[in-house]
Amino acid sequence: MSWPICGGKNLAPPPKQQELLLTGHEDGTVRFWDASGVALTPLYKLGTANVFHTDCDEPPDPSNDPDMQQEEEWPPFRKVGCFDPYSDDPRLGIQKISLCKYSSKLVVAGTAGQVIVLALNDEPSDHSVDVSVVDLLQDREGFTWKGHDKLEARLKPAPFPPGFQPQVLVQCLPPASVTAVALHTEWNLIAFGTSHGFGLFDYHRRNTVLARCTLHPNDSLAMEGPLSRVKSLKKSLRQSFRRIRKSRVSGKKRAITTPTSKVQEANAALAEQEEVAPVQRRIEPRSADDSLSGVVRCLCFADTFLRDGTHHGPTLWAGTNSGSVYAYALEVPGVGSGRACERGGANEGGTCVEAVLGKEIQLMHRAPVVSISILDGRGKPLPDPYEASQDLAIAPDMTNAHSVLIASEEQLKVFSLPKVSAKTKFKLTAHEGCRVRKVALVLFHSAAQEDYSEHTLVCLTNLGDMHLFTIPALRPQVRYDCIRKEDISGIASCVFTKNGQGFYLISPSEYERFSLSAKVLTEPLCSVQLDRPLEPTATSDGTTMHPQANGTHRNQTGQAEGRTEASPCTLSSPILETPLDSPLSCADLTLDTTGEITVEDVRDFLTTVDEAENNLRNMKEEEGRSAGILIN
């Protein structure tokens, strides 16, 4: 069916800036949407399947291949096309996207460990894509990949239409799904992470800078891949039963206690109450043997103080599922006072980037690290690449000491740099096992003062509620209920903007948009003009007619159109003496349109009409019989 409303007028003011939303899909496409208004307008569709050989490729012609002519198989079946429209290779699925709007660089990472660097070009091009392979296991023994194979890249030149065109393909080995990605266009670096480790690649010089394995000796689950989960289910069930058994045994041991031990337990409980605030909970430590502890959850580039408090430079931060944080000092040619290394080849300048491990932090309770952010001397987050150099943002404070904000699933913590000493922390409240799922640093502008704004930490928990904290003090400000806690896919797909808005999936093809800011709102402001006006109309005799919801018109005296006053000689009828708002009145039966109209309201209205008609019919029959008696 066609859309029932055609026309209307948009009353919303024009957007102050153009907003762009990028979505990654299972078929290997990235779609660009204009999110400046209420409706998402499709702008551009980018495909990545043409970088690889897929099952839907055109088969080679046997007349041009002598090897195929020598094969004597009968019958000579040959594939001539792809019939199933839903037969896209699941390895093409997009997992992570990073875009730099200032340099028009885009990084797309997929399910089979592929990381593609694309650049915007207005002209069509026919070229080959450079391929680099990064082994994240680093020849570690005892691990065998049991998952899917990698995608085969096209080695020959291929045509690419105008738009974002691939330049470099980085293939991670083992070909596991990419779990984190970071892009820094000023340094020409990309960082990527999987369930086995993380790597650093210089896409300008086509050089692998770093490959670090984060696997634990017991991380056998990480080698099975996403398509083999039978063993993982058995292992998780086995671990759950072991924990239940241990808790029962520990409970029995606690039941057999002496009076002195009871006093000690009371003292310990009192000490815990003094140490932990009533609105906070004590975090239980996690075992280092948990599966998938080597998954890289977040990556971050920052220009900060890592080696000492006087010299700052490029750094790379990585957080894992086991609560480990790795900080690397980078030597980027032309940035800071870093030394350059000579590298053979014809690359520009003959220099390469180096990475040296500077700090390694292990959180006490081994909670997964969700986010890592660097704060400058004023406690503000560092600007994006090219923002400060192009005077699009305030330059960061490099005179005072910096700090790092590490958000895990259990708590938020701020460390000073470069000594990495704890400054402030906040343990999340224990509402049914609340855990952090998404974290973002948002700039809120005041609705009352144009020149006032403040940065706030926004975190989304597994219960679907939003918590806002000040930075760097981490004082809780406000809490909102945003997403239903049963909507797991909506919580997992939620993304935040820098001005306090967010998106999350309410179905596989529908987005819900919300705003945490009183200043920045995207709401529908429109009007639809009806063909039949609802304004009062004047008649020829000077009376005013008011339209009713059922299509009739009531004049100024309260009588319906079409009714005339009864003469004194006519027989009086009780139905005509009833008030207009009575259910027995057939002159004006209006339907109340205030609020929402339900099916029950319509049924009641129809029942009332039927009863009025029956009563009127009965009255007329009685009047007829009485008139007949008088005549006789």
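I note that UniProt positions are given in the numbering used here, and that annotations may be inferred rather than shown by experiment. The model I am reading is predicted.

**Entry 1: the repeat.** I looked up residues 20-34, which UniProt lists as "repeat: WD" in an unreviewed entry. The C-alpha atoms at the two ends of this span lie 5 Å apart. I found 73% strand and 0% helix in the span.

**Entry 2: salt bridges.** How many salt bridges are there? I count 16 salt bridges, taking a Lys or Arg side-chain nitrogen within 4 Å of an Asp or Glu carboxyl oxygen.

**Entry 3: Asp384 and Lys498.** I looked at the salt bridge between aspartate 384 and lysine 498. Its closest N and O atoms are 2.1 Å apart. Aspartate 384 sits in the loop between β22 and β23, and lysine 498 in the loop between β30 and β31, so the pair ties together parts 114 residues apart in sequence. Aspartate 384 is partly exposed, at 32% relative accessible area. Lysine 498 is exposed, at 52%.

**Entry 4: Arg435 and Glu409.** I then checked arginine 435, whose side chain meets that of glutamate 409 in a salt bridge at 4.0 Å, N to O. Arginine 435 is in the loop between β25 and β26, and glutamate 409 in the loop between β23 and β24, so this pair ties together parts 26 residues apart in sequence. Is each residue buried or exposed? Arginine 435 is partly exposed, at 31%. Glutamate 409 is buried, at 7%. Shared partners join Arg297, Glu409, Glu410, Arg435 and Arg437 into one salt-bridge network.

**Entry 5: Glu486 and Arg484.** I closed with the salt bridge between glutamate 486 and arginine 484, at 3.7 Å between the closest N and O atoms. Both residues are exposed.

How values were computed: Residues numbered from 1 in each chain as written. Predicted model: local features only at pLDDT ≥ 70, side-chain atom pairs only at ≥ 80, totals over all residues. Heavy atoms only, no water. Helix = DSSP H or I, 4+ residues; strand = E, 2+ residues; numbered from the N terminus. Buried < 20%, exposed > 50% of the residue type's maximum accessible area, 1.4 Å probe, protein only.
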